[in-house]
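Open the model in your viewer, switch on a cartoon view, and keep the selection box handy. We will go from stop to stop, choosing a few residues each time and looking at what is around them.

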Amino acid sequence: MDFKFIHAADLHIDSPMRGLSAYDGAPLERLRSATRQTLISLVDLAIEEQVALVLYVGDIFDGDWADFHTGQFFREQNVRLVREGIRVYIVKGNHDAESQITKVLPKVEGVHIFDHKRCESQEIPELKVALHGQSFKQRAVTDDLAADYPVAKEDWFNIGLLHTCLTPETAGTHLPYAPTSVTTLASKGYDYFALGHVHQRQVVREDSPRIVFPGNLQGRHANEPGTKGCELVTVRDGHIESQHVSLERVRWHRLAIDATDLANVDMLAVACAAQLQAQFSDAPEPLHAVRVKVHGQSELARIEAAQRGTVEAAVRAAAQDLQGLDVWIEKVELELSAPVDRTELARRGDALSEVVRLVDELAGDDIAVLTWVRAELQDLKELPVELTSLAPASLDADALRELLADAEATVLAKMPVGKSDQTKQEKAT
Ligand SMILES: [Mn+2]
């Protein structure tokens, strides 16, 4: 029997986008509603494609609902699906584990939530489909849940649902959440393993079984960049055709701008606009939220040192000038240094060469850098509470070296670095 299904995970509906209100001009409403809008799009897609099943593989919610509206919204989308004859299967993940969600809403007929005590199998005889899954009982699950999943029901199409960090390799920095292995998953003889938890889409194995992390439905910050969405899977004569469908309303990006050859704000704005246009023109739909890093040895370092905020303002201006694209600059990071030849500078024997030599001397020696910076800054009055972690006494040698390099860059950027007589001549004319 041929049929289609949708596999999604990590919806994190109503996930609070922390710290966003701190950004000037942030499109707060669009960002906050994005997790909901993407789910509505998913349901639209399911109905349009006439899928038989929708699978949600954990972390549908970010944690306990702030109020009933979050659960009510999800329920409403499920009602839309079951009215069209589409069945919904859910396993709970670490964020929405059995113990995490305290509020209860009446069940929806046609929506099945897998048990958290043991692996459970669900059968759909008219499609000859068997689904196997287990929910998270609490936030941390260190057991290999998959180990207890049953072997495939013979001659049926078998789907496993599992919220898991899988292995340390696939999980990256994720802590062990129902860790398992590809070998264990493959040993069950299923056709498709629908995973959840890892927010970056990943096809772990192409077939027998196909094992997929669909990624989250909507990125939540600059560290979840790129397109996000669900898997639309077509099963034809037992064979799988699968595609990723983009659904995100806000697409996050990190953009690096090499400022080496950019000598003023106009050049920066032109370069920035060109890069934004080139990267996003094929996707006019979502709001593009961009973290921009301006880096390199550039005149812009001096311009910025003379008037703080100039570079950021120019980047934001570039976004304003774009046509037919929705771009919001989330943050501008600077890694600029003035275009100077440090080696040459160190040889000159003036005040600036003193600075360069001192920095080099200190940077090579952990104890020297610690002692010197602390002694120089000892008169610094107490920092406000929120900055105490940055107090010189609590920083290590590497952090202080970085601070020192930063200070040097600022000093050099503020100083005219041409030969001193040349500088006088310039001033005279
Ligand atoms: Mn998770």
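Which residues coordinate the manganese ion? Before you click, bear in mind that this is a predicted model.

**Stop 1: the manganese ion**

Select Asp 59, Asn 94, His 163 and His 197 and show them as sticks. The ion is coordinated by Asp 59 through OD, Asn 94 through OD1, His 163 through NE2 and His 197 through ND1, at 2.0 to 2.3 Å. Read along the chain, these donors follow the spacing D-x34-N-x68-H-x33-H. Now keep just two of them in view: Asp 59 lies in the loop between β2 (53-57) and α2 (68-83), while His 163 is in strand β7, so the pair ties together parts that are 104 residues apart in sequence. Asp 59 and His 163 are both buried.

**Stop 2: the six-stranded sheet**

His 163 sits in β7, which makes that strand a handy way into the next stop. Colour the strands and trace the order β5-β6-β7-β8-β10-β9: six strands form an open sheet with mixed pairing. At the edges you will find β5 (120-124) and β9 (202-205), each with a single partner strand, so one side of each has no neighbour in the sheet. From one strand to the next, the twist averages 20°.

Next, select β6 (residues 129-133) together with β7. They run parallel and are joined by five bridges; Gly 133 has Leu 161 of β7 as its bridge partner. Leu 161 also stands opposite Ala 194 in β8, so click on that residue to move across the sheet. Strand β7 (residues 157-163) pairs with β8 in the parallel sense, over five bridges.

**Stop 3: strand β8**

Select residues 192-196. Is this strand mostly covered or mostly exposed? It is mostly covered, with five of its five residues buried. Side chains in a regular strand alternate between the two faces of the sheet. In β8 both faces are covered: Tyr 192, Ala 194 and Gly 196 are buried on one side, and Phe 193 and Leu 195 are buried on the other. To step onward, add β10 (residues 210-213), which runs parallel to β8 and is joined to it by three bridges. Look for Tyr 192 standing opposite Arg 210.

**Stop 4: unusual backbone spots**

Most residues other than glycine have a negative phi, and most peptide bonds are trans. Go to the loop between β9 and β10, where you will find Ser 208 and Pro 209. The peptide bond from Ser 208 to Pro 209 is cis, with omega near -10°. Ser 208 also has a positive phi of about 50°, although it is not a glycine. Turn on a surface and you can see that Ser 208 is exposed, with a relative accessible area of 54%.

Then jump to Ala 178, in the loop between α3 (168-171) and α4 (182-186). Its phi is near 45°, again a positive value in a residue other than glycine. Ala 178 is buried, with a relative accessible area of 0%.

**Stop 5: helix α5 and its sheet**

Select residues 265-280. Helix α5 has 16 residues and reaches 22 Å from its first C-alpha to its last, close to the 22 Å expected at 1.5 Å a residue. Its buried residues are Leu 268, Ala 269, Cys 272, Ala 273, Leu 276 and Phe 280. Look down the helix axis: these fall within an arc of 125°, so they line one face of α5. On the other side, Asp 266, Val 270 and Ala 278 are exposed.

What covers the buried residues of α5? The cover includes β13 (250-258), β14 (287-297), α6 (299-306), α7 (310-320) and β15 (327-337). The three strands form an open sheet in the order β13-β14-β15, with parallel pairing. On average, neighbouring strands of this sheet are turned by 15° against each other, direction ignored. Ten bridges join β14 to β15, and His 295 stands opposite Glu 335 in β15. Helix α5 lies across β13, β14 and β15, at about 140° to β13. Helix α7 lies across β14 and β15, at about 145° to β15.

Methods. Residues numbered from 1 in each chain as written. Predicted model: local features only at pLDDT ≥ 70, side-chain atom pairs only at ≥ 80, totals over all residues. Heavy atoms only, no water. Buried < 20%, exposed > 50% of the residue type's maximum accessible area, 1.4 Å probe, protein only. Helix = DSSP H or I, 4+ residues; strand = E, 2+ residues; numbered from the N terminus. Pairing = 2+ DSSP bridges. Axes fitted to C-alpha atoms, helices over the stretch in contact; angles between N-to-C directions. Donors = N, O, S within 2.8 Å, 3.2 Å for Na, K, Ca; no water. Expected span 1.5 Å × (residues − 1). Arc of directions from axis to C-beta. Contact = heavy atoms within 4.5 Å.
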